[in-house]
Amino acid sequence: MINRTIKRPADLAARYGGEEFTIILPRTSVKGAIFIAREIQAEMRAVAIAHSASSVSDLVTISCGIASIVPAPGSSSDGLIARADQALYQAKLEGRDRISVHSDNHSD
């Protein structure tokens with residue numbers, strides 16, 4: 001399902017932990033990443049997988065955390081991952097089935 005939403009050869013989706021995935025979108029703006037995240041959420045709604053144990057929705061939902069950097073000497077993928085994780089945590093705090101963007105301008 002996620003692979004249907006990423007279309008460019010350099011884009012990559014991979015499992016990152018138990019129920020988490022990461023999507024790498026090189027040369028993509030935050031606006032573009034939000035567009036892709038919305039497409040993924042729409043795909044999930046369309047497949048309508050039942051989730052009877054959820055207090056949020058009767059169907060499986062997707063929360064997305066977005067972070068972006070322009071790589072520079074000394075920048076770290078660890079920093080980018082940490083910011084994306086913070087954004088995901090914020091999306092879940094806001095009620096799940098949300099998209100949150102990490103808003104600082106750090107480049108590490």
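Modeller: Let's start with Arg27, which sits in the loop between β2 and α2. Please keep in mind that this is a predicted model.

Colleague: Happy to start there. Why does Arg27 count as exposed?

Modeller: Its relative accessibility is 85%, and exposed means over 50%, so Arg27 earns the word. The backbone of Arg27 is worth a look too: phi is near 55°, a positive value in a residue other than glycine.

Colleague: Ala48 also has a positive phi without being a glycine. What is its value, and where is Ala48 found?

Modeller: Phi of Ala48 is about 50°, and the residue lies in the loop between α2 and β3 (64-66).

Colleague: And why is Ala48 called partly exposed?

Modeller: Ala48 has a relative accessibility of 40%. Buried would need a value under 20% and exposed one over 50%, so Ala48 falls in between and counts as partly exposed.

Colleague: Now for Gln41 in helix α2 (residues 30-47). What makes Gln41 buried?

Modeller: Its relative accessible area is 7%. Buried means under 20%, so Gln41 meets that cut-off. Leaving aside residues up to four places away in sequence, Gln41 touches Ile62, Asp97, Arg98 and Ile99.

Colleague: How do you know that strand β1 (residues 12-15) and strand β2 (residues 21-24) are joined?

Modeller: Pairing asks for at least two bridges, and these strands have 4, so they count as a pair. They run antiparallel, and Ala13 stands opposite Ile23 in β2. The hairpin they form has 5 residues between the strands, and there Gly17 takes a positive phi near 100°.

Colleague: Let's turn to the largest pocket. How much space lies in it, and which residues are closest to its centre?

Modeller: The largest pocket holds about 1,500 Å³ of space. Its lining is made of 45 residues, with Phe21, Thr22, Ile23, Cys64 and Gly65 the closest to the centre.

Colleague: Which elements supply the lining of the largest pocket?

Modeller: At least two residues each come from β2, α2, β3 and α3 (77-93). The largest share, 7 residues, belongs to α3.

Colleague: How does the lining of the largest pocket divide by class?

Modeller: There are 26 nonpolar, 13 polar and 6 charged residues.

Colleague: And what makes Cys64 and Gly65, two of those closest to the centre, fall into their classes?

Modeller: Cys is listed with the nonpolar residues and Gly with the polar ones, so Cys64 counts as nonpolar and Gly65 as polar.

Notes. Residues are numbered from 1 along each chain as its sequence is written. This is a predicted model: local features need pLDDT of at least 70, side-chain atom pairs count only at pLDDT 80 or more; totals for chains, interfaces and linings use all residues. Side-chain values use heavy atoms; hydrogens and water are left out. Buried means under 20% relative accessible area, exposed over 50%, partly exposed in between (1.4 Å probe, protein chains only). Contact means heavy atoms within 4.5 Å. On a 1 Å grid over the protein atoms alone, a cavity is a set of points where a 1.4 Å probe fits but cannot get out, and a pocket is an open set with protein on both sides within 12 Å along at least five of seven lines; lining residues have an atom within 4 Å of a point. Grid points are joined across faces, edges and corners, and a volume is the space filled by probe spheres set on the points.
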